[in-house]
Amino acid sequence: MKRRPAAHDQHVFLLSLWAGLPGVVTSLVLLWLYVPDAKVRWTVGAAVVLVWAFVSLALRERVLRPLQTSANLLAALREEDFSVRGRGARAGDPLGELLLEINSLADTLHAQRVGSLEAGALLRRVMDEIEVAVLAFDGNGRAVLANRAAERLLGVPFARLLESGGLDAGRLRLADALTGESPRVMELNMPGASGRFEMRRSTFRMGGLPHQLLVLADLRRALREEERLAWQRLVRVLGHEINNSLAPIHSISRSLQGAAPEDVESGLAVIERRAGSLMRFMTAYTRLARLPAPQLAEVDVPGWVHRVATLEKRLDVRVHEGPPLSVQADADQLDQLIINLVRNAADAALETGGGVEVSWGLAQRQLEVCVTDEGPGLASTANLFVPFFTTKAGGSGIGLALSRQIAEAHQGSLSLENRGDRRGARARLRIPLKAEA
């Protein structure tokens, strides 16, 4: 049988006994040799032994009491009781410095605990107030956390979610959301709402175990708001353009009644011009609204850029050579896009007598084409891509809108900005090297 080692207090007591043993033995031997009275010898000897035992016990208590006090303080800290402090904490004394450090640790943990509680309360308040459903699932796919928006979406109160260790994701109709690609748009049919939701999923650890955090954003309100704004913009633009043509037509038609033949001919010419303008407007709108899907094929970037640059005859467009690249795209649509950008840059450069440069390169595994001009620059970038908005006399206002639509159809982007090094503007087109249809 393995012998259990002695406790620390037993070691201290035995060491104190061993430390006093030589003196006690010497005292008893001297008493036995030099004190003839047996009664005195036994009385003094007993007193020496009792003092020896009492001092050893006192030494044991003196050593163990501070250790027990420190252990009790640390136990209180472990139980998150930060109100207990050790007395006698002072510098310059080994025991006092130990208590001083324990008290300092208690203050630090108390401050961290209060901060954690406040941060947790704030996080719970934020989660309850946001309109996005947030849920957490453990490794077995059972719900362990849900905010108010999630309760409304699922039609299940949070208390029931936690019953029997949480409801299974399958019963909550969210099993598909815990697998597959993230983020993505999903069609959900839930008790609280049905429609399209944007799903985002991430992982975290709680209690040392992996969990999944699921965020479901209802897209219906955002889509309805965007749809309403789009209709408002469409009605405003159509109403403005149609009224601009119908108002003079109506006015001239009334004035032609009983007018002289030469006035009739002049009025009919005005009516023809306004009707033609209205027809061009509707044709431009139809062109913008019915952009066909891109037909992807391999396009040689250097040849494409040089070909488009030579189409501008009003000035010489400089081409800054980039790396030999090819891109999967619709060549006709890309021609239309760059032609619009070069034409706009040339219009700006002709105002100041500057030049136009086209360059390309590779940025973040995307093709980046820049059209830079030395014109007056952009006074405002707020309405550049608004359909039918133009600052040029005789402009249709669909060139940049159509160009951006082509770029986005190729999963790319188009942006305009003022140049930082000198006067002028820069159009920046980015499209993936291998776009998907």
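**Close-up A. Helix α8 lies across four strands, β7, β9, β10 and β12, of a sheet in this predicted model.** Helix α8 spans residues 301–309, while β10 covers 366–373 and β12 covers 425–432, and the helix runs at about 165° to β9. Helices (H or I, at least four residues) and strands (E, at least two) are here DSSP runs, numbered from the N terminus. Helix α9, made of residues 331–352, also packs on the sheet, where it touches β7, β9, β10, β11 and β12, and its direction makes about 25° with that of β10. Contact is taken as heavy atoms within 4.5 Å. Axes are lines fitted to C-alpha atoms, for helices over the stretch in contact, and angles run from 0 to 180 degrees between N-to-C directions. Because the model is predicted, local features need pLDDT of at least 70 and side-chain atom pairs count only at pLDDT 80 or more, although totals for chains, interfaces and linings use all residues. Residues are numbered from 1 along each chain as its sequence is written, and side-chain values use heavy atoms, with hydrogens and water left out.

**Close-up B. The strands beneath these helices form an open sheet in the order β7-β9-β10-β12-β11.** This sheet has five strands and mixed pairing, and its edge strands are β7 (317–320) and β11 (413–418), each of which pairs on one side only. Neighbouring strands of the sheet are turned by 20° against each other on average, with direction ignored. Two strands count as paired if DSSP finds at least two bridges between them. Strand β9, residues 356–363, runs parallel to β7 and is joined to β7 by four bridges; within β9, V358 is the bridge partner of V319.

**Close-up C. Helices α2 and α3 come together with axes within 11 Å.** Helix α2 covers residues 38–78 and helix α3 covers residues 94–129, and their axes cross at roughly 5°. The two helices are therefore roughly parallel to each other, a term used for angles under 35 degrees, whereas over 145 counts as roughly antiparallel, 65 to 115 as roughly perpendicular and the rest as oblique. On the α2 side, P66, S70, L73 and L77 meet residues of α3, including L95, L98 and L99. By class, this contact has ten nonpolar residues, one polar residue and no charged residues, where Ala, Val, Leu, Ile, Met, Phe, Trp, Tyr, Cys and Pro count as nonpolar, Asp, Glu, Lys and Arg as charged, and the others, Gly among them, as polar.

**Close-up D. An open sheet with antiparallel pairing has the order β2-β1-β5-β4-β3.** In this sheet of five strands, β2 (143–146) and β3 (184–189) stand at the edges with a single partner strand each, so one side of each is left without a neighbour in the sheet. The twist averages 35° from one strand to the next. Strand β1, residues 133–137, pairs with β2 in the antiparallel sense over three bridges, and A146 in β2 is the bridge partner of L135.

**Close-up E. Loop residues with notable backbone angles include P183, R173 and Q411.** The peptide bond from S182 to P183 is cis, with omega near 0°, and P183 lies in the loop between α5 (158–161) and β3. R173 is found in the loop between α5 and β3, and its phi, near 65°, is positive although R173 is not a glycine. Q411, in the loop between α10 (399–409) and β11, has a positive phi near 60° and is likewise a residue other than glycine.
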